[in-house]
Amino acid sequence: MKRKHKRLTFAGIAMLLLATAAALILSAFEDSIVFFYSPTELAKQKPGPDLRLRIGGLVEEGSVVKPGGAIVSFRVTDMRNVIAVRYKGILPDLFREGQGVVAEGRLQNGVFQADEVLAKHDENYMPPEVADALRESGQWKGKDMETEQ
Amino acid sequence: MLHRFANPTRFLRLAAAMQPWMAALTGVMLAFGLYFGLFDSPGDYQQGESVRIMYVHVPSAWMALLCYTALAGSCAVSLIWKHPLADVAARATAPIGAWFTFLALVTGSLWGKPMWGTWWVWDARLTSVLILFFLYLGYMALDNAFDDPGRGARASSILALVGFVNVPIIKFSVDWWNTLHQPASVIKMGGSAIHPSMLMPLLLMGVGFTSYYFWVLLIRIRGEICANKVRSLRLRQVHEQPSADDLSEEAS
């Protein structure tokens, strides 16, 4: 075997081992790498009232209530489970019913008390006219946005 | 075939001929891309005009990954086949890739504040791209940390190859884990999720950024080869001088 073939085999094996090690580490730390939990995962885990965590999902249609004083309450859904969220503060521009949201806070008495709310944007990009046309023709594949002004 | 063009002298001749063409392609593509992206494309139905940040952010992020792949490839060739041009190409690629990564991070942050409501979060995509930036910086620091450039190239090449595991992690981070960052739009199952009127300027910018990389890469490789020549000439001078001094001393 020539020296460069030896080096090639060595480098190939080393990269393979490295990739395996990385895959093992990442799968072992999966719980701390995920940015948020879905309502279904939360229902399974039942975290204590002092654990700070993030939840994410879609803002349920018609669930946003603003009783005043910068307080907002809404429900986050993943289409299987729903969780009620209460938040006091300024909402990001993209916060809308039917759109993705990530909230950080604590789960207390079944209500998620959020102290930070981030909007999650999806991967769809299109001009407003196209979005309207898709909705009118009934070909809208995304979430419904009719409540949006 | 590959060895034919990997000869530095032949490469220099080819690079000199290609350089103006790459410059022209870059200029034309960026001019069209920026014009369509900033003036002649619609705003987004959700993001409004902020969507235009995408025309710089997304190609920068593509280039950050492409440059790192090129860097790791060159380093592998340099370690395994010991080709001198591979070392030069790796050293020339690293700062370009680092700047693209920086640009992707900064434009992403500028988009994140109005859209997500935050400049930065530690989700899998953002964190892995920050690690990519540090890998570039680490590669460059290690490359220059040795007096003997050969040893520096060897150590930094190993670092670059080890860091290559990060590239697929960045690409698939949005699919493997819950992230705040949105999943891929252009290449996805069931066709692109970007309307053609927005995809066109994005692709123009992508081609422009790629040809910019090759243009600057050619300039940097040519500069790097010249610098190597100067270094070896100086070394020869230094080695010859003492003997000349000895001779003159003996003569007087």
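**View 1. Leu204(B), a buried residue in helix H8 of chain B.** In this predicted model, Leu204(B) counts as buried because 22 other C-beta atoms lie within 10 Å of its own, and a count of 20 or more is what the word requires. The residue is placed in helix H8 of chain B, and, leaving aside its neighbours within four places in sequence, Leu204(B) is in contact with Met29(B), Phe32(B), Gly33(B) and Phe36(B). Farther along the chain comes Cys226(B), 22 residues apart from Leu204(B), and the C-alpha atoms of these two residues are separated by 33 Å.

**View 2. The nonpolar core around Ala64(B).** The largest nonpolar core has 87 residues, and those that touch the most other members are Ala103(A), Ala64(B), Cys67(B) and Leu71(B). Helix H3 of chain B gives the largest share of this core, 17 residues. When neighbours within four places in sequence are left aside, Ala64(B) is in contact with Gly97(B), Phe100(B), Thr101(B), Ala104(B), Val129(B) and Leu132(B).

**View 3. Helix H4 of chain B, with a kink at Ala94(B).** H4(B) has 32 residues, and the distance from its first C-alpha to its last is 47 Å, close to the 46 Å expected at 1.5 Å a residue. Within this helix a kink of about 25° lies at Ala94(B), shortly before the proline Pro95(B). Just after the end of H4(B), Gly117(B) takes a positive phi of about 100°.

**View 4. The contact between chain A and chain B.** Chain B contributes 35 residues to this contact, and chain A contributes 30 residues. On the side of chain B that touches chain A, the elements that give two or more residues are helices H3 (54-80), H4 (84-115), H6 (149-163) and H8 (196-251). The largest share of that side, three residues, comes from H3(B). Sorted by class, the side of chain B that touches chain A holds 22 nonpolar, ten polar and three charged residues.

**View 5. Two loop residues with positive phi, Asn109(A) and Lys82(B).** Asn109(A) is not a glycine, yet its phi is positive, about 50°; the residue sits in the loop between strand E5 (100-108) and strand E6 (111-120) of chain A. Asn109(A) is called exposed because 6 other C-beta atoms lie within 10 Å of its own, where the limit for that word is 12 or fewer. Lys82(B) is not a glycine either, and has a positive phi of about 55°, in the loop between H3 and H4 of chain B. Lys82(B), with 14 C-beta neighbours inside 10 Å, counts as partly exposed.

**View 6. Helix H1 of chain A and the two domains of that chain.** The 26 residues of helix H1 (residues 3-28) of chain A should span 38 Å at 1.5 Å a residue, and the end C-alpha atoms are 37 Å apart, which agrees. The number of buried residues in H1(A) is zero, so this helix lies largely in the open. The domain assignment of chain A gives domain 1 (1-33) and domain 2 (36-120), and the centres of these two domains, taken over C-alpha atoms, are separated by 40 Å.

Key. Residues are numbered from 1 along each chain as its sequence is written. Chains are lettered from A and ligands numbered from 1 in the order in which they are written. This is a predicted model: local features need pLDDT of at least 70, side-chain atom pairs count only at pLDDT 80 or more; totals for chains, interfaces and linings use all residues. Two residues are in contact if their C-beta atoms, placed from the backbone, lie within 7 Å. Helices (H or I, at least four residues) and strands (E, at least two) are DSSP runs, numbered from the N terminus. Ala, Val, Leu, Ile, Met, Phe, Trp, Tyr, Cys and Pro count as nonpolar, Asp, Glu, Lys and Arg as charged, and the others, Gly among them, as polar. The expected span of a helix is 1.5 Å times one less than its number of residues. The bend at a residue is the angle between axes fitted to the seven residues ending there and the seven starting there. A nonpolar core is a set of buried Ala, Val, Leu, Ile, Met, Phe, Trp, Tyr and Cys residues joined through C-beta atoms within 7 Å. Domain bounds come from an automatic or database domain assignment.
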